Amino acid sequence: MPTIIMGKLASKIDGSIRGKAMAFLQKLGIDDTTSGLHVEPIENAADPRVRTGRVDNFWRAVMFRLDSGGERHYVIHGIWPHDDAIAVACRVRLSVNPINGLPQIVEVEPPAESFPTDAKPSASQSLLVRLGHDRDALVTTLGLPERVADQALAAVDEDAVLDLAQRHDGWIGTILVDLAAGDTVDSVVSRMELEKTAPSGDDDADVLHSLKRPGAALQYALIGDQDELRRVIEGGDFGAWRIFLHPEQRRYVERSYQGPFRLSGGAGTGKTVVLVHRARALARRDPDARIVLTTFTTNLADALSDSLTQLDPRVPQAKKLGQPGVYVTGVDALASAVLRSAGSSLAASVREVLGEDRSAPLARTAGTRWREIVESTGTSLSPALANESFLSSEYGHVVLPNKIHDEAEYLRVRRSGRGVALDRATRSAVWELIAAYRAQSRVDGSLDFSEAAAVAAAHLAKQTDKPADHVLVDEGQDLSPSHWQLLRALVNEHPNDLFIAEDAHQRIYGTRVVLSRYRIAIVGRSQRLTLNYRTTAQNLHYAMNIIEGGQYIDLEDQAETTGYRSARTGPGPTIVPVESLGAELQVIGDHVQAWVRAGTDADTVAVLVPDRFHRDRVVTALTERGVDARAVDRDRPPQGRVAVMTMHRAKGTEFSKVVIAADRPSPVELARLEALAPSERADAELRRRSLRYVAATRARDELVVVGHK
Ligand SMILES: Nc1ncnc2c1ncn2[C@@H]1O[C@H](COP(=O)(O)OP(=O)(O)OP(=O)(O)O)[C@@H](O)[C@H]1O
């Protein structure tokens, strides 16, 4: 039975022939001599291995047949109308690039292209020369084809190099993007795992070997079975993440780590893709493994679960914590699952954390309680401390992780990492409010979300038999200290225990956390993804400007770096200042209506707004214009309709076209911020910018920002 190796170009099949292409490739994968496939060599072809096959009367597949070690492989290059296919088949040649060991398809007489090569800019005009590169390094160290190297050196700026990169799928395009972003030749060699190869004397075996190299995975995928073939063909370009991983992504998916590992990276750099692939890889390696894949909210967990199903429906998703397979859940739901399973021993853990009992530990305290306590309890504290923001964060970062039961303990505790210093009298006054908060919760018997996670952690810490073997975490930047205590206690310390994805620039909830305080020692096991797959270079540039200059700190207490690059280009964002809500609704309506009228699928368009009030106004305004729009809250974004959601809810989503309604903070909000202690205010400001960064990085293609003057 021949093995199919799908090229990325071939996977982008015209929708009208997908079914026929599928049938053709299925038959080819079973028996290439099946009548009707007409697998035939082409006379005078540049590569004797080239074959064409009959998809239907009109369409032909162009492929390469490799015979090595008694096995047959077909590398699918693409599907074209009959005459075009014959022309392509005559001029393509598949070989191993002798410099970098990767597979390359070279056209013997390439069709004329418009990209300028003759223009030779002076050294000061060429971007790559300014960055210290020369033709020799590009050709003899990286293995770029001479023609591409000349075109790259002729490009005067980043946009021109990216334009060229977009014409070359696979390793050539990726190397060009890295060079344009300022990477050294050495770092490209190591990132792409480039390696000179000597011919073995068996050409087919050499090409096959090169197709299995990490750098080739960007462009070629060995298809395991018919289901996988269907997923590749049906997924098209949008499904590329399932098949064509960057060598770096593949490394993080497959590699074993001695302990907790942290993967950082900007929005759209494929962190979630790595997590989902890694969950599958771990499940395949050991079908009995209990894998927890978790994130900040239930909505995000639903999206992770959907992605895992899309990647591979055969991966079992566990229904219950502690069962084999991948248990996908939001981190607070995870805490509840632990509490539910704890039975009668739960009371002891509640007492251990709080120093008192709770009659209904499965019920959650209302989110408004801190505000009610401040409003109803007389206090000598200044407004900078007597507010929900300071108190909930003091409680979550100092009181709960240290299992503080009373004032005496609170007066003694070290408040590491808290921006506001408190003298003894102030600490007493803070404790008064905390005691009032706890007293109120005693009445209804509930635990708040942080308490629930802390109690779940305390319960698990006592168990020798942990409910998980591997824990994979997305959106790590948003998790609280008790979440980390819970995740640490969920799995014993052993290789591949915790794998954490985070982006400090996207922290939009809570206060920053340092993992080492919660017995999660990364110690050198930390890497960063830098290639943005989602956002065009223009929109990425806009988004990076939002966070420029901010002091963002990661989970290892280090300043977050930037330096992200995009492989795609498109129009720059449209910024529209408006003076009133009416004008804002008008601008939003105009853009959305124009996109939908021009044929954009409604469910690839989203409007992101600051709050629910705005959201409902936008839905009404769009509906009045005849645009089918829907407010999205806890449910998944709707099929066939424009999604309108808050910027918080938009975390983890992506759309082709996005309008952001970015209003100014209201006078009430400004007064609230003004009253905060300086460090809290600075942090609130960072979160506000992060929220806009999250929103601006949701658009794949077009971004419109409507802002109040
Ligand atoms: N190897 C790949 N090939 C093609 N597309 C990819 C690849 N990796 C990721 N993508 C695409 O890039 C987009 C962003 O990926 P993903 O959601 O994993 O990024 P992220 O870093 O988790 O982003 P965010 O932090 O914004 O949630 C997705 O559309 C995904 O399909």
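The domain assignment divides the protein of this predicted model into four parts: domain 1 (3-98 + 218-230), domain 2 (247-341 + 466-530), domain 3 (365-445) and domain 4 (573-708). Taken over C-alpha atoms, the centres of domain 1 and domain 2 are 38 Å apart. As for the confidence of the prediction, the mean pLDDT of the protein is 91, and 98% of its residues reach 70 or more. For the complex, the predictor gives an ipTM of 0.99 and a pTM of 0.88.

The ligand is a good place to begin a tour. Around the ligand there are 21 residues, and W241, A267, G270, T272 and Y533 come nearest. Two elements, α12 (240-243) and α14 (271-285), give two or more residues to this shell. Of these, α14 gives the most, with 3 residues. By chemical character, the shell divides into 7 nonpolar, 10 polar and 4 charged residues. Where does the ligand lie with respect to domain 2 and domain 4? Both domain 2 (247-341 + 466-530) and domain 4 (573-708) give residues to the shell, so the ligand lies between them.

Away from the ligand, the next topic is the interior. In soluble globular proteins, nonpolar side chains tend to be buried together. Here the largest nonpolar core has 203 residues, and V161 and V607 have the most contacts inside it. Helix α22 (residues 449-461) gives the most to this core, with 8 residues. A closer look at V161 shows who its partners are: leaving out residues up to four places away in sequence, V161 touches L127, L128, A152, A155, L176, L179 and A180.

One of those partners, A152, also appears among the buried residues of helix α6 (residues 146-154), which are V148, A149, Q151, A152, L153 and A154. These buried residues pack against four other helices, namely α4 (127-130), α5 (135-141), α7 (158-166) and α8 (171-180).

Is helix α19 (residues 388-399) largely enclosed or largely open? In α19, 11 of the 12 residues are buried, so the helix is largely enclosed by the rest of the structure. The buried residues are S389, F390, L391, S392, S393, E394, Y395, G396, H397, V398 and V399. Their packing partners are α18 (369-376), α20 (407-412), α21 (424-444), α22, α23 (481-490) and α28 (678-696). Helix α22 therefore figures twice in this account, as a partner of the buried residues of α19 and as the element that gives the most to the largest nonpolar core.

The backbone also holds some details worth a look. Most residues other than glycine have a negative phi, and most peptide bonds are trans. Against that background, H38 has a positive phi of about 50 degrees although it is not a glycine. H38 is found in the loop between α2 (18-30) and β2 (40-41), and with 13 C-beta neighbours inside 10 Å it counts as partly exposed. E193, another residue other than glycine, has a positive phi near 55 degrees. The loop that holds E193 runs between α9 (185-191) and α10 (203-211). E193 has 17 C-beta neighbours inside 10 Å, so it too counts as partly exposed.

Finally, some pairs of residues show how position along the chain relates to position in space. H494 lies in the loop between α23 and β13 (498-502) and is exposed, with 11 other C-beta atoms within 10 Å. Although H494 and G259 are 235 residues apart along the chain, their C-alpha atoms are separated by 6.0 Å. D227, in helix α11 (residues 226-235), is exposed as well, with 12 other C-beta atoms within 10 Å. D227 and D312 are 85 residues apart in sequence, and 9.0 Å lie between their C-alpha atoms.

P2 offers another such pair. P2 sits in the segment before β1 (3-7) and is partly exposed, because it has 18 other C-beta atoms within 10 Å. Leaving aside neighbours within four places in sequence, P2 is in contact with L28, G29, D32, R72, H73 and Y74. Between the C-alpha atoms of P2 and T426, which are 424 residues apart along the chain, the separation is 75 Å.

Technical notes:
Residues numbered from 1 in each chain as written. Predicted model: local features only at pLDDT ≥ 70, side-chain atom pairs only at ≥ 80, totals over all residues. Near = placed C-beta within 6 Å. Nonpolar A, V, L, I, M, F, W, Y, C, P; charged D, E, K, R; others polar. Domains from an automatic or database assignment. Core = buried A, V, L, I, M, F, W, Y, C linked by C-beta atoms within 7 Å. Buried ≥ 20, exposed ≤ 12 C-beta atoms within 10 Å, placed from the backbone. Contact = placed C-beta atoms within 7 Å. pLDDT = per-residue confidence, 0-100.
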